[in-house]
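Me: I would like to learn how to read charged side chains and strand pairing in a model. Could we work through one case?

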Amino acid sequence: MKAHQLLCAAFLTAIASSAAAAPTTAVKVETVHRETLSDTVTAYGQLVPSPGGVEWLSASQGGRVVAVLVTQGARVAKGQALVKIQATPQTQADFESALSALSSTRSKLAQTRSLKKGGLATRADLAAAQGAFASARARVAALKAEGVGPHAQTLKAARAAVVTQVKVSRGEWVNAGARIAALAPGNALWARFGLTPEQAAAVKPHAAVKLTPVFGSGHGLKSRVATVDAQADAATGLIDAEVPVTTDKNGPFTGEWVAGTITLHRIKALAVKRTAVLADASGHYVFVVRHGIAHRVAVEPLIRTNGLVGVRGLEAGDVVVTQGNFELHDGDAVHIEGAKGAGS
């Protein structure tokens, strides 16, 4: 009997020693808490003048360009001279002819009035002289209003703006009505982003956008999507989205490339690091540590962003494994190396 008792005691001691020596897995954990998470897409585009904001300056008379006073990309003030055009000989002759006709009809009108007083001209004669003078005066006024004259025509900026195009050079001959230069408001630009069809389907008008310069270290700007095109560009296969941008003298500037981070939607959810979420044939899951034991808990991912996953299936305050979880099984003992907030 005593030998049997000794054998049982030895067996129980062996079991206890084996349990004490059972290995534990070293893991790192974080505490789950609720965060506001945003689902975003990033696209790249170029700043262009706002639609409908470009104003073209045209030559009101044919002539030769004698001075180009600005370059493309320059900022100009209201009233600043941009281009000078010397009238053609024919234009000068036309203007001189109009002035001569005005002078002649003025003299004729004065003479007819004098003759009318002496009874040597009729009312019809006076009316005809008055009509001829009015017509000649209107002709000269119209030419002056169009900028036609014997001297060089100076094209000026009607408002503060940015010169986006200059289509002439010094010495060039231009026709009346020819486009000379394009001006765009200096503080109103649009960013045009190319989106894939999948991205375009998810981006809605008025979605929040953060714009940052691709080159340089300019500060970010905030705006919202104005429009998303209904068809793809034939050359690139991308769909354009337009975003208005308000600028100042420090930029950004027309032609500059920017990155746009577009917010698709924003939710408040329990957040864990991406490394905490695993998946197998049964679905997504995490390991929650309670009293030194890892428990497998099924979760539903709701959103992935910035290294975090918003999930359903946990509770605030749960401690989840973020490193070492690949080696775990449900019920394994673990040794916690550290604990931090889920967002750190």
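Me: In which strand does glutamate 35 lie?

Reply: Glutamate 35 lies in strand β2. The model is a predicted one. Strand β2 covers residues 33-49 and runs antiparallel to β16, with 14 bridges joining the two. One of the pairings puts glutamate 35 opposite alanine 269, its bridge partner in β16.

Me: What is the nearest side chain of opposite charge to glutamate 35, and how far away is that side chain?

Reply: Side chains of opposite charge can pair when their charged atoms come close. For glutamate 35, the nearest candidate is lysine 268, 8.4 Å away. The cut-off for a salt bridge is 4 Å, so a pair at 8.4 Å does not count as one. Glutamate 35 is buried and has no salt bridge.

Me: Which side chain makes a polar contact with the side chain of glutamate 35?

Reply: That of histidine 33, at 3.1 Å.

Me: How many salt bridges does the structure hold?

Reply: The structure holds 5. One of them joins lysine 273 to glutamate 30, with 3.4 Å between the closest N and O atoms. Lysine 273 lies in strand β16 (residues 257-273) and glutamate 30 in strand β1 (residues 25-31), so this salt bridge ties together parts that are 243 residues apart in sequence.

Me: Are lysine 273 and glutamate 30 buried or exposed?

Reply: Lysine 273 has 29% relative accessibility and counts as partly exposed. Glutamate 30 is at 5% and counts as buried, because the cut-off for buried is under 20%.

Me: Which other side chains meet in a salt bridge?

Reply: Arginine 192 and glutamate 242 do, at 3.5 Å from N to O. The two residues are 50 residues apart, with arginine 192 in strand β11 (residues 188-195) and glutamate 242 in strand β15 (residues 239-246). Arginine 192 is partly exposed, with a relative accessible area of 37%, while glutamate 242 counts as buried at 8%.

A further salt bridge is formed by arginine 312 and glutamate 300, with an N to O distance of 2.8 Å. Here the separation is 12 residues: arginine 312 is in strand β21 (residues 308-312) and glutamate 300 in strand β20 (residues 300-305). Arginine 312 is partly exposed at 48%, and glutamate 300 also counts as partly exposed, at 40%.

Me: Back to β16. How many bridges join β16 to β21, and how do the two strands run?

Reply: Strands of a sheet pair through backbone hydrogen bonds, either parallel or antiparallel. Between β16 and β21 there are 4 bridges, and the strands run antiparallel. Lysine 273, already met in a salt bridge, has leucine 308 as its bridge partner in β21. Strand β12 (residues 208-213) is also joined to β16, by 5 bridges and again antiparallel. Within that pairing, threonine 212 has alanine 259 of β16 as its bridge partner.

Me: In what order do the 4 strands of the open sheet come?

Reply: The order is β3-β10-β8-β5, and the pairing is antiparallel. An edge strand pairs on one side only, which here applies to β3 (55-58) and β5 (75-76). Further in, strand β8 (residues 161-166) is joined to strand β10 (residues 179-184) by 4 bridges. Valine 162 shows one such pairing, as its bridge partner in β10 is alanine 184.

Conventions: Residues are numbered from 1 along each chain as its sequence is written. This is a predicted model: local features need pLDDT of at least 70, side-chain atom pairs count only at pLDDT 80 or more; totals for chains, interfaces and linings use all residues. Side-chain values use heavy atoms; hydrogens and water are left out. Buried means under 20% relative accessible area, exposed over 50%, partly exposed in between (1.4 Å probe, protein chains only). Two strands pair if DSSP finds at least two bridges between them. Lys and Arg count as positive and Asp and Glu as negative; His and the chain ends are not counted. A polar contact is a pair of N or O atoms within 3.5 Å; within protein, one must be able to donate a hydrogen and the other to accept it, and residues adjacent in sequence count only if both atoms are side-chain atoms.
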